[in-house]
Amino acid sequence: MKLRILMFICSSILLYACVQSPGFKGDGYAFIRSNYPIVKANGEEVEPLYKLDIESGKNTLVIVYNTYRHDYYCRFGWTAEADTVYEVTDQENSYPLTLHRWVRTNSLWASRLDPMEPLECIKKPRRGNTADDSST
Amino acid sequence: MLTSYWPVSDSVRFPTFKNYLLVLAANAVVAVALNADSLPGLSALSDSLVRESAIDFVNTTTSPGLEGATLTVDDGNRQSEQWRSSLGFAAEFTIKNHIYNGYWGLAVVGGSLNDKLELTGESGQPLKLDITRDVMSLRGSFGLSYPMTQHFKLRPYLSLSVSDLQTESLVDGLLTTAPSGNAETTAVFNTSAQMLSTTGSVDALYSRWYGNNRLELSAHYHLIYTDAFSEDNPVLETEAWNDVLQLKSRYSGPTSLTSMGRPWRWQVYANHINFLSQDNLSLGYTGLFEFGVGMEWQMNIKPLDWFGWQMLGLKAGVITSSNVEGYFMGLTAR
């Protein structure tokens, strides 16, 4: 009985865990998801977003990496390909955030390819801190 | 004290078969417990020290942050071989709308110790003690990570681990009388214990890039509460508090090598581990220094699309301390 329950739980986890590619808004669109909030898309300020449909072609996004002393406003500029998933995450590289092309490899894992650094990251103090603005 | 459980003197006085077994068991328990009252002249090896050595062995094998190692201790009266190995993974995950991130880890840890000691018995006779301990442990960790700046973060987390400890103790040199009247000088006793450890940890992590090279410095403090249970050895029905400090440094840089389109990076590292509350008599050491080199492959995958797995590495290092020599060679993942 316990073995059956264990097998059921494991099967459920495996089924749930299957890596699935997110859908696209339509032809000519790409998709980006970020572990940190996107605050500006192609020059327009947006409500903090973690997922965004973007048109293929040249895109510019500003994504904020928050710490307790500073906020780092990182500006990414790249040419997005249609039907492609992009992902921004913290990988402790020289810039706080890194943009990857996300590719489903199989049902068990996805790959993060073509790492791209931001064009710049502007460091701003959090409210109550007095550090000067600067770029990293 | 153990003598209340095992009446050694009565058994010797009436050497029936049952009492002979009791003598063997008693001597074996002495080997496990090294009860100072039973063996005058061995006051340095008290019950508490035996408890500590069992718990310290588990802690020096299963504490968070420890990597694989093979150690040899040689300080004249003591020769021991210890190894530990682990298979596990730890990663941070984003908690949206909060500055702090989550942290989790899972690991299966195994280790073994063969500890040979030469002691002196109550009448001045030499005693040889040969203890073999094996432990298997499952550990889970969960906590938070607070990025203070881009370069520095604090990470408090809690770990729970369950360990199964098997011990075989052999004492050579204790004179007992067998039913046949022959003198016996060797006794063997097997015991087992289960240990439940709760560890509160704080990691302070600093990193900085110099061009394409990266420097990482970190300090890790672990406070461990261990509750031990044993059906066959009352000495190991106990609990203990211990703490461990680890200081780690690593410097890495790029190479021109790639595999499957992914780059390799070289690394050199130097670590120090100090088992702060550990008595040197317990295992023969309280601190270790480790130096090594390695290569890391930036595989950068996302298993189950849940968490990032950035690096798969090969590492080799030497471990040293007073009376201790050792090495590490193996795979690492982060």
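Leaving aside its neighbours within four places in sequence, which residues is A:F76 in contact with? I will start there and work outwards to the interface and then to chain B. Please keep in mind that this is a predicted model.

The residues in contact with A:F76, once those sequence neighbours are set aside, are A:T60, A:L61, A:I63, A:L99, A:P118 and A:L119. Take one of these, A:I63: it sits 13 residues from A:F76 in sequence, and the two C-alpha atoms are 7.9 Å apart. A:F76 itself belongs to strand 4 of chain A. There are 24 other C-beta atoms within 10 Å of A:F76, and the cut-off for buried is 20 or more, so A:F76 counts as buried.

Now chain A as a whole. Chain A is built from one helix and nine strands. The helix comes at the start of the pattern, and the strands follow, as α-β-β-β-β-β-β-β-β-β. Of the 136 residues in chain A, 24% are buried, and A:F76 is one of the buried residues. If we take the contacts in chain A with a separation of 6 or more, 47% of them join residues 24 or more positions apart.

Next, the interface. On the chain A side, 21 residues are in contact with 18 residues of chain B. Two strands of chain A, strand 4 (70-80) and strand 7 (109-116), each supply at least two residues of the side that touches chain B. Strand 4 is also the strand that holds A:F76. Strand 7 of chain A gives the most to that side, with four residues. By type, the chain A residues on that side divide into nine nonpolar, nine polar and three charged.

Strand 7 of chain A also pairs across the interface. Its partner is strand 10 of chain B, residues 287-303, and the two run in the antiparallel sense over three bridges. To find the place on screen, look for A:S111, which stands opposite B:I301 in strand 10 of chain B.

From strand 10 we can walk back through chain B. Strand 10 of chain B pairs with strand 9 of chain B, antiparallel, over eleven bridges. Strand 9, residues 262-274, pairs in turn with strand 8, residues 238-259, again in the antiparallel sense, over twelve bridges. B:Y269 is a useful marker here. On one side B:Y269 is the bridge partner of B:R250, and on the other the partner of B:Y269 is B:G292, in strand 10 of chain B. The hairpin of strands 8 and 9 of chain B has two residues between the strands, and in that hairpin B:M260 takes a positive phi near 55 degrees.

One helix in chain B, as a check on geometry. Helix 3 of chain B covers residues 47-62, which is 16 residues; at 1.5 Å a residue it should span 22 Å, and its end C-alpha atoms are 23 Å apart, so the two agree. That helix is mostly covered, with 13 of its 16 residues buried.

Last, confidence. Chain B has a mean pLDDT of 83, and 84% of its residues reach 70 or more. Residues 1-44 of chain B are another matter: pLDDT stays under 50 there, and the model has 86 contacts beyond four places in sequence for that stretch. For the model, the scores are ipTM 0.81 and pTM 0.82.

Terms used: Residues are numbered from 1 along each chain as its sequence is written. Chains are lettered from A and ligands numbered from 1 in the order in which they are written. This is a predicted model: local features need pLDDT of at least 70, side-chain atom pairs count only at pLDDT 80 or more; totals for chains, interfaces and linings use all residues. Two residues are in contact if their C-beta atoms, placed from the backbone, lie within 7 Å. Ala, Val, Leu, Ile, Met, Phe, Trp, Tyr, Cys and Pro count as nonpolar, Asp, Glu, Lys and Arg as charged, and the others, Gly among them, as polar. Two strands pair if DSSP finds at least two bridges between them. A residue is buried if 20 or more other C-beta atoms lie within 10 Å of its own, exposed if 12 or fewer, and partly exposed in between; C-beta atoms are placed from the backbone. The expected span of a helix is 1.5 Å times one less than its number of residues. pLDDT is the predictor's confidence in each residue, from 0 to 100.
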